[in-house]
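Biologist: Could you put the model up and walk me through the terms you use for it? I'd like to hear what stands behind each one.

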Amino acid sequence: MKLNEFIIPEDLKSAQSALEKLGEKGFAVAGGTSLHFLGIVEKTAVDISHLGLSGIQKQGGAYLIGATTSLGDLMKFKDQGWVLDQVALHTSTQQIRNISTLGGNIVRVFPWNDFPVALLALDATLYIEGVAEKAYSSDDYFNGQPIRLFQPGQLLTRVEVPVLKPGQGFGYHKEVRLHAGFSLMTAAAVITVKSGRIDGIRVAASAGIALPARLTLVEAALGGQAADAASLQQAVANGTAALAWKGKEGMSDEYAAHLGRVVLMDVLSAALLQAQGE
Ligand SMILES: Cc1cc2nc3c(=O)[nH]c(=O)nc-3n(C[C@H](O)[C@H](O)[C@H](O)COP(=O)(O)OP(=O)(O)OC[C@H]3O[C@@H](n4cnc5c(N)ncnc54)[C@H](O)[C@@H]3O)c2cc1C
């Protein structure tokens, strides 16, 4: 992408009105690390990194994360029910994490983007602001390429993720061929355990399938089952049989299917152990 002009607004309304006036010629730039992967099109950049949309706040049972919060800041933040540091840790290099933002990672989704699966598993809420603010569940937001939801002048302003409670566990795994490489397979899961049974489960995968998606058949197979490894094994085997896995970087599709099942067992086992207090 070629940026031929740069506008640096100081507040949200000015950024929105600049983007609205520019229409198709305008381009919101947060960290700018995705420009490298986009085609060569001339655009006027509207820098959205000075709009006061950075930072993480805990409010009630949720973390409110500003859209321009860097992945480095997500990694540094620590709290009992906070898990996105685990995802940020596995995103590229520290230099990239310092400038890449959460918003940039989830507005125009590449197959390797690391955060969509985690936000799907966590049942996040995403806020897009135009004239008014509109909230999307992660299921609606990621039900296709998210950029489809944005009109010129509309920006993602914040993301809300629940604080994990006792009895809940999170698992995340990104499989790469080389250190700091793009993902071959990514998965995340949140499990709630009550009285030895799985009382709640959300699991999502990406990279090895076309777009980040929840694996609803695995979830259905696990709901209400005994909280043990045998239940996980059976649900992964039965719930993934119909998925169209896609190999990358020399992997056959068949190998991708095998890798997908192994990665899913890893994240589900990690989530289960944490939910059981281990
Ligand atoms: C060498 C390299 C390796 C990388 N490896 C990985 C990796 O392994 N995994 C990974 O997940 N990422 C990786 N990234 C980062 C990747 O490019 C992400 O997409 C990055 O998080 C984008 O964030 P950004 O802030 O730079 O977004 P930008 O590049 O500034 O923007 C990305 C897109 O989102 C739009 N946008 C940004 N913020 C908003 C907003 N608030 N509202 C509306 N639209 C918005 C922009 O208009 C643009 O279309 C890598 C980047 C590089 C350069």
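Modeller: Sure, starting with two helices: Ala-229, Leu-232, Gln-233 and Val-236 in H9 meet Arg-261, Leu-264, Met-265, Leu-268, Ser-269 and Leu-272 in H10. This is a predicted model, where local features need pLDDT of at least 70 and side-chain atom pairs count only at pLDDT 80 or more, while totals for chains, interfaces and linings use all residues. Residues are numbered from 1 along each chain as its sequence is written.

Biologist: What makes those residues of H9 and H10 "meet"?

Modeller: Two residues are in contact if their C-beta atoms, placed from the backbone, lie within 7 Å. The listed residues of H9 and H10 meet in that sense. Their contact divides into seven nonpolar, two polar and one charged. Here Ala, Val, Leu, Ile, Met, Phe, Trp, Tyr, Cys and Pro count as nonpolar, Asp, Glu, Lys and Arg as charged, and the others, Gly among them, as polar.

Biologist: How do you know at what angle H9 and H10 cross?

Modeller: Axes are lines fitted to C-alpha atoms, for helices over the stretch in contact, and angles run from 0 to 180 degrees between N-to-C directions. On that scale, helix H9 (residues 229-239) and helix H10 (residues 253-275) cross at roughly 145 degrees, and their axes come within 10 Å. Helices (H or I, at least four residues) and strands (E, at least two) are DSSP runs, numbered from the N terminus.

Biologist: Why are E1 and E2 said to stand at the edges?

Modeller: The order in that open sheet is E1-E3-E2, with parallel pairing. Strand E1 (2-7) and E2 each have a single partner strand, so one side of each has no neighbour in the sheet. From one strand to the next, the twist averages 40 degrees.

Biologist: What makes E1 and strand E3 (residues 42-47) a pair?

Modeller: Two strands pair if DSSP finds at least two bridges between them. Five bridges join E1 to E3, so they qualify. One of the bridge partners is Lys-43 in E3, matched with Leu-3.

Biologist: And which strands are at the edges of the five-stranded sheet?

Modeller: That open sheet runs E4-E5-E8-E6-E7, with antiparallel pairing. Strand E4 (56-59) and strand E7 (133-137) pair on one side only, which puts them at the edges. Inside the order, five bridges join strand E5 (residues 62-66) to E8, and Ile-65 has Val-159 of E8 as its bridge partner.

Biologist: What puts a residue in the shell around the ligand?

Modeller: A residue is near a molecule or strand if its C-beta atom, placed from the backbone, lies within 6 Å of it. The shell has 30 residues, the closest being Gly-31, Thr-33, Ser-34, Gly-103 and Gly-104. H5 gives the most, with four residues. By class, the shell holds 15 nonpolar, 13 polar and two charged residues.

Biologist: Which domains does the shell draw on?

Modeller: At least three residues come from each of domain 1 (2-47) and domain 2 (56-162); the bounds come from an automatic or database domain assignment.
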